[in-house]
Amino acid sequence: MKLLQTMLALQEREGWLSDETLSQLAKETGEPLYRLEGLRSFYPVFQEEPGAKHVIEVCRDVVCRMHGAPAFHEELLQELRQDPDVEVREVSCLGRCEQAPVALVDHHHAASNATEVRLALDGQAQAHNVLQAVDAATDPYPTADAHYGMFKTLRDGAADAGRDTVIDELKASGLRGMGGAGFPTGMKWAFTRGAKGGPKQLVCNADESEPGTFKDRCIMETLPHLMIEGMIIGGWVVEAERGIIYLRHEYGEAAEILRRELVRARELGVLGPDAFGPGKPFDMEVFISPGGYILGEETALLEALEDKRGEPRNKPPFPTNVGLNGLPTLMNNVETFAAVPMILQNGGDWWQSQGTNDCPGLKYMAVSGDVAKPGVYCVPMGTTVTDLIARAGGVADGKQLLAFSPGGASTRFLPADKADTPLDFDAMQKAGSALGSGAFVAVAEGRDLLDLATAQARFFRNESCGKCVPCRVGSNKAVAMLEDALNGEVEDGLAELLHELDDTLAQTSICGLGQVALSPVTGVMELFPEVARRLGTKEDA
Amino acid sequence: MSNDTVKLTIDGQATEVPAGTSIWDAARELGIDIPVLCHSTRMRPVGVCRMCVVDTGARNLQASCVRPCEDGMEVDTRSEKVEKHRRMLLEMLLADYPEDSARDAATGDDELLNMARDYGITEVRLRDGASGRPQGVDLSSPVIAVDHQACILCDRCVRGCNELQHNDVITRSGKGYGTRIAFDLNTPMGESTCVSCGECMAVCPTGALTNRALADLKLEPLGSD
């Protein structure tokens, strides 16, 4: 952490990392030059050139693309071309899809049109708009005075059996990891608690970066005490001494809110030298990611925390046994940790009963794309897609639904006739897609699904770390062929080749990014006959 | 712990190995050579080329150089499924490979081209990314030629330089498709802190790092300009 934090501070101070700066750093730290080059060139926050005074980063990914991002980008380029003080560049999803299209001015100020960009450049940026989740129902505390009560009860009630009771309740609740993989939370906590070696490590993965995903931002900004209490309880259960919140760098407001909440938690004595009882310390800090979607992959995240290039590890071993610095590590997503206090307050059975259609619990869904009211909606797990869209004001402009992506860039678009599918890990899988991280994108009639699926593949290509051959080369070749196809150049055998590439990426890539990179593309080829026709497949393929 | 062993079968042959042994090593003991480009017995395995993938019955294929053997595993190293994916991986690498490999021309031990010949790959259906050598060539070192276009990012030179020789010069630079090997802070090899030990060139499996002919090299006494 220390080396990357030093480099981040230098980048912040000087605006770029020159060879001279890094040579000096090498002398001071004893780090070889090659290692600093490996880091500087890998993380997007680090700049190798001095650059302009102002930077405008325009999101290029699927939701912003649906809302005119390419034209927005072009407009800013034209308007600011003459201004040497301003650089306009395209970046991956900024996690503000409810405001699409979005650009970040000077890394801090979100703007959705050229007027807002100009105001921000003139120092008159709009105040940050804190997004409240609709129907949020996971806070057990009626007032702020009661915050952290669940943890205090556990700590002060204090039979050691309390730790296993927590795990039992989590198992009974059916809670699964909300970052996308859906691994049963109780089991993960039990594995880490039972792992040999220590001290145990604790990490909150707050690096949500998949296009369409912004529910963790909402939870961190509006319910930070729940996530932090969930982490404290996790730390207490696995007997860790410190926790790390790994936060994407574009979430500056969340960083401030979390840091303030950590100060408050220390004042309340639930963090600090006696957090787990007299002489039993537990504390945590916020680590700002130097950037890149791949860092949300849990082992890439751990590599970054170890000051390495954020390239995913080969698994097994898994972080529950061999995680941060080789130690057993409990890592969960923001939403997962934030659900823990409520579950313990009311019991695992109660959480189960909050779902519908035989699905357990509550789920924060980030809803964007072609809906009238994009935002974050807290819904019973098992709510149907039709109901979710209705809650979000229906399909925008009174149009008909064409398709939807239930859970993020890697989750396949399903046709509108599957809109009766419940939002649930198993049900979505059965329907041919996945719940993923709960980044729901609605697509109205008239949209080009091949263009949207290509945008998803392009995102994975852009965010590939490059470690393994299939993802590094395969995603690049596939996107090049798809872009040709969108321009009407369809080579013989293209459809078959895309399926073969998808298969090889899925079977041989090291991590989830490479494994799913082409799935949205083959998905629209399989489920939407008109897409298949354009790529030269038979209608019944 | 160190006395623990695991029993498994590889291509139908039963074997028992110490816990923690990789499938690749266990297979080798049985006389089964699993094709690989990034691994070498002298090095820590990294599992990046993915050529050594095998079928263990898991959801996806496993890179045998980094996958520990487990009790009761039934490993297939040569199934049609496995070979199909190896052929596609070779196609990917060949799509960006220069037509002329210095190693192939000089010593005939270009491991990528030889493996492609073994697999009978004659056609590459993916878009050519090699013409014009967009990744560039670096002839700044008097003794080692660098052809970035022929680099498959196997990380052998990185480990050879930093972990075997401890010269600490070579890294991966950049990210994604644009990744390449670099010296120090991405300086030309001849201007870097490289001591020309030759380890990188010796372990490189392709035409990326090769010997330069010494015939034209002018040697001058120390201290002369």
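How much area do domain 1 and domain 2 of chain B bury between them? The legends below take up this question and then move on to other close-ups. This is a predicted model, where local features need pLDDT of at least 70 and side-chain atom pairs count only at pLDDT 80 or more, while totals for chains, interfaces and linings use all residues. Residues are numbered from 1 along each chain as its sequence is written, chains are lettered from A and ligands numbered from 1 in the order in which they are written, and side-chain values use heavy atoms, leaving out hydrogens and water.

**View 1. Domain 1 meets domain 2 in chain B.** Domain 1 covers 5-78 and domain 2 covers 86-211, with bounds that come from an automatic or database domain assignment. Their C-alpha centres lie 25 Å apart. Each domain gives 21 residues to the contact (heavy atoms within 4.5 Å). The two domains bury about 1,600 Å² between them, 59% of it on carbon and sulfur atoms; buried area is the accessible area (1.4 Å probe) that two parts lose on being put together, summed over both. On the domain 1 side, Leu37(B), Met43(B) and Met51(B) lose the most area, together 44% of what that side buries.

**View 2. A salt bridge between Glu163(B) and Arg44(B).** Here the closest N and O atoms are 2.6 Å apart. Across this domain interface the rule finds two salt bridges (a side-chain nitrogen of Lys or Arg within 4 Å of a carboxyl oxygen of Asp or Glu).

**View 3. Chain A against chain B.** In this contact, 47 residues of chain A touch 44 residues of chain B. The chains bury about 3,800 Å² between them, 57% of it on carbon and sulfur atoms. Tyr34(A), Lys477(A) and Gln507(A) supply 19% of the area that chain A buries here, more than any other three residues.

**View 4. Lys84(B) reaches Asp503(A) in a salt bridge.** The N to O distance between these side chains is 3.2 Å. Five salt bridges are counted between chain A and chain B.

**View 5. An open sheet of three strands in chain B.** The order is E6-E7-E10, with antiparallel pairing; strands are DSSP runs (E, at least two residues), numbered from the N terminus, and two of them pair if DSSP finds at least two bridges between them. Strands E6 (137-138) and E10 (209-211) stand at the edges, each with a single partner strand, so one side of each is left without a neighbour in the sheet. Two bridges join E6(B) to E7(B), residues 144-147, and Val137(B) has Asp147(B) as its bridge partner.

Key. Helices (H or I, at least four residues) and strands (E, at least two) are DSSP runs, numbered from the N terminus.
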